[in-house]
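Work through the exercises below with the sequence and the model at hand. Try each task before reading its solution.

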Amino acid sequence: SRYLRAKLQGEREFLASGCATVLRISAPVGEGLSAATVLGRFMRAAKAGGRLEVWGGGTREQNYVDVEDLADAFFRAMIIRPTEVINIAADYPITMIDLAQKVVEVYGRGSVDLIGKSDPRDGETARYSNQRAAEILGWQQVTPLQDSLKRLRSVY
């Protein structure tokens, strides 16, 4: 797509400078999360004891990584200063239906509802390798999604 071509071109230009690191961040989760995101909508609905509306079949995946883990990756990149492209993601993605169920578990209220609204990204996968992050930065995901959701509960 034009979007991905533009991203790749930007990465190439930064790396060509000889002093840049490109961190490809998947889906950050933490304080400041936009209420317009799927996770933000789910958190608000569960807090209110309402329905968490899942679009499509709920099969779209996202790969959430906690902001504390991101901060650790940024710090390591600033110290090591590699001129590389490195993925920073959670070890495993989660489907929207599973995410909704986890949010209900964390809040202890709310319900998950497949509402039949089309999700143009249904079935989209999110598989990222953190191998380079481990090899180059010595980085790995530490915070499980469940822990991130529990911390967010006080915000939403």
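The model shown is predicted.

**Exercise 1. A glycine after a helix**

Find the sign of the phi angle that G18 takes just after α1.

Solution. Go to the end of α1, which covers residues 2-16. Just beyond α1 comes G18, with a positive phi of about 80°. Now look back along the helix. α1 has 15 residues, and its first and last C-alpha atoms lie 21 Å apart. That is close to the 21 Å expected at 1.5 Å a residue.

**Exercise 2. The length and sides of α3**

Check the span of α3 against the expected value, then sort its residues by exposure.

Solution. Start with the length. α3 has 14 residues, so at 1.5 Å a residue it should span 20 Å. Its end C-alpha atoms are 20 Å apart, which agrees. Next, find the buried positions. D69, L70, A73 and A77 are buried in α3. These residues cover an arc of only 100° around the axis, so they sit on the same side of α3. Last, turn to the other side of α3, where M78 and I79 are exposed.

**Exercise 3. A salt bridge between D119 and R60**

Locate D119 and R60, and decide whether each is buried or exposed.

Solution. First, the contact. The two side chains, D119 and R60, form a salt bridge with an N to O distance of 3.1 Å. This pair links distant parts of the chain, 59 residues apart. D119 lies in the loop between β8 (111-114) and α5 (131-137). R60 lies in the loop between β3 (51-54) and β4 (61-62). Then apply the cut-off: buried means under 20% relative accessible area. D119 has 10% relative accessibility, so D119 counts as buried. R60 has 8%, so R60 counts as buried too.

**Exercise 4. A salt bridge to α5**

Which residue forms a salt bridge with E84?

Solution. The partner is R132, and the closest N and O atoms of the pair are 2.2 Å apart. Place both ends. E84 is in the loop between α3 (67-80) and β6 (85-88), while R132 is in helix α5. The pair links distant parts of the chain, 48 residues apart. Now the exposure. Values between 20% and 50% count as partly exposed. E84 has a relative accessible area of 27%, so E84 is partly exposed. R132, at 37%, is therefore partly exposed as well.

**Exercise 5. Counting and joining salt bridges**

How many salt bridges does the structure hold?

Solution. The total is 10. One of them joins R121 and E124, with the closest N and O atoms 2.8 Å apart. R121 is partly exposed at 38%. E124 is partly exposed at 32%. Shared partners matter elsewhere: salt bridges join R51, E53 and D113 into one network.

**Exercise 6. Two pockets**

Describe the linings of the largest pocket and the second largest pocket.

Solution. Take the largest pocket, with a volume of about 510 Å³. Its lining has 20 residues, and Y3, K7, I25, S26 and Y128 are the closest to its centre. α1 gives the largest share of this lining, 5 residues. By type, the lining divides into 9 nonpolar, 5 polar and 6 charged residues.

Move to the second largest pocket, with a volume of about 180 Å³. Its lining residues include Y64, D91, K102 and Q146. They divide by type into 7 nonpolar, 2 polar and 2 charged for the whole lining.

Note on methods
Residues numbered from 1 in each chain as written. Predicted model: local features only at pLDDT ≥ 70, side-chain atom pairs only at ≥ 80, totals over all residues. Heavy atoms only, no water. Salt bridge = Lys/Arg side-chain N within 4 Å of Asp/Glu carboxyl O. Helix = DSSP H or I, 4+ residues; strand = E, 2+ residues; numbered from the N terminus. Buried < 20%, exposed > 50% of the residue type's maximum accessible area, 1.4 Å probe, protein only. 1 Å grid on protein atoms, 1.4 Å probe; cavity = no way out; pocket = protein on both sides within 12 Å on 5 of 7 lines; lining within 4 Å. Points joined across faces, edges and corners; volume = space filled by probe spheres on them. Nonpolar A, V, L, I, M, F, W, Y, C, P; charged D, E, K, R; others polar. Expected span 1.5 Å × (residues − 1). Arc of directions from axis to C-beta.
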